[in-house]
Amino acid sequence: MTESKSSLRATLLGKREAQGSQADRPMRDAALAQRLKEAIEGYPEAVCIGFYWPVAAEFDARNVVAAWLASDPSRTAALPVVVEPRAPMVFHAWSADTPMKEGRYRIPVPRDERVVVPDLLLVPCVGFDDARYRLGYGGGYYDRTLGAWPGGQKPVTVGVAYEAGRCDAGSIPHEAHDLPLDGVVTEAGTY
């Protein structure tokens, strides 16, 4: 029987929080950074990466994205901004020296509100399964955002997670509007 989303989310968040204080966290982060860099390189046509500000012991992708930006001045990156509850997010341009301000849910967002549309989206995962269905925080923001993506051409979606968030096939409950990610990267593998 499939565990409820909220129960599974609590279990996986607890595992990630506990893992965040372990001595081998820097090694896991270095391995995840390398795999994420390689995954991004697999999409040479990408000119704008949307990613996330790390919260709740998530992997911090800022250095990987900043290095990707530094290697080609025509590239852009962006962070999601919750404009209003239960609405699609927008993405505001970001670079390593972008001034930030506090956004909704106290998550930092770029002070400058220049809207951009990513063609590659790094999506934080609390958990994921072998079919690449993602478990997030339960707000539905990524589902709504992808469902209302501007221009109709959805971005490539790459989940970012720790291996501790990997679940058995079919164990992430999903509904008709849930779409599997195009890939998932962890410190141990790329799926």
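Two strands count as paired if DSSP finds at least two bridges between them, and the helices (H or I, at least four residues) and strands (E, at least two) are themselves DSSP runs, numbered from the N terminus. The views show a predicted model, in which local features need pLDDT of at least 70 and side-chain atom pairs count only at pLDDT 80 or more, while totals for chains, interfaces and linings use all residues. Residues are numbered from 1 along each chain as its sequence is written, and side-chain values use heavy atoms, with hydrogens and water left out.

**The whole chain, with 4 helices and 12 strands.** The radius of gyration, taken over C-alpha atoms, is 16 Å, close to the 16 Å from the globule rule (2.2 Å times the number of residues to the power 0.38) for 191 residues, so the chain is as compact as a globular protein of that length. Along its principal axes, the C-alpha trace spans about 45 × 35 × 30 Å. Of the 191 residues, 42% are buried, a term that stands for under 20% relative accessible area, with exposed meaning over 50% and partly exposed what lies in between (1.4 Å probe, protein chains only). Among the contacts (heavy atoms within 4.5 Å) with a separation of 6 or more, 71% are between residues 24 or more positions apart. The chain exposes about 9,600 Å², of which carbon and sulfur atoms supply 53%, as calculated by the Shrake-Rupley method with a 1.4 Å probe, where for residues only the protein chains shown count as cover.

**The open sheet of 7 strands, with mixed pairing.** Followed from one edge to the other, the strands come in the order E6-E3-E2-E1-E7-E10-E12. Strand E6 (115-116) and E12 each have a single partner strand, so one side of each is left without a neighbour in the sheet. Within this order, E1 and E2 run parallel and are joined by 3 bridges, and Gly-50 has Ala-78 in E2 as its bridge partner. On the way to E7, E1 is again paired in the parallel sense, here over 2 bridges, and Ile-49 faces Leu-120 of E7 across the pairing.

**Strand E7, covered on both faces.** All 5 of the 5 residues of E7 are buried, which leaves the strand mostly covered. Leu-120, Leu-122 and Pro-124 lie on one side of E7, while Leu-121 and Val-123 lie on the other. E7 also pairs with strand E10 (residues 156-160), in the parallel sense and over 5 bridges, and the bridge partner of Leu-122 in E10 is Val-158.

**Helix H3 (residues 62-70) and what covers it.** Which residues of helix H3 are buried? They are Val-64, Val-65, Ala-66, Trp-68 and Leu-69. The cover over the buried residues of H3 includes helix H2 (25-41) as well as strand E1 (48-50), strand E2 (76-81), strand E3 (90-94) and strand E7 (120-124). Arg-62 has its charged end over the ring of Trp-53, 4.1 Å from the ring centre, where sitting over a ring requires NZ of Lys or CZ of Arg to be within 6 Å of the ring centre and within 35 degrees of the ring normal.

**Tyr-141, with an aromatic partner and a charge over its ring.** The structure holds 4 aromatic pairs, defined for rings of Phe, Tyr and Trp (its six-membered ring) whose centres lie within 6.5 Å, with planes under 30 degrees apart called stacked, over 60 edge-to-face and the rest tilted. In one of them, the ring centres of Tyr-105 and Tyr-141 are 6.1 Å apart and the planes stand at 65°, so the pair is edge-to-face. Tyr-105 belongs to the loop between strand E4 (100-102) and strand E5 (108-110), whereas Tyr-141 belongs to helix H4 (residues 141-147), so that the pair links distant parts of the chain, 36 residues apart. Tyr-141 has a relative accessible area of 14% and is therefore buried. The charged end of Arg-144 also sits over the ring of Tyr-141, 4.9 Å from its centre.

**Phe-128 and Tyr-191, a tilted pair.** The centres of these two rings are 5.6 Å apart and their planes meet at 40°, so the pair is tilted. Phe-128 is part of strand E8 and Tyr-191 of the segment after strand E12 (183-185), so the pair ties together parts that are 63 residues apart in sequence. Is each partner buried or exposed? Phe-128 is buried, with a relative accessible area of 1%, whereas Tyr-191 is partly exposed, at 30% relative accessibility.

**The open sheet of 3 strands around E8.** Its order is E9-E8-E11, with mixed pairing, and strand E9 (134-135) and strand E11 (166-167) are the edge strands, each paired on one side only. Strand E8 (residues 127-129) runs parallel to E11, to which 2 bridges join it, and Phe-128 stands opposite Arg-166 in E11.
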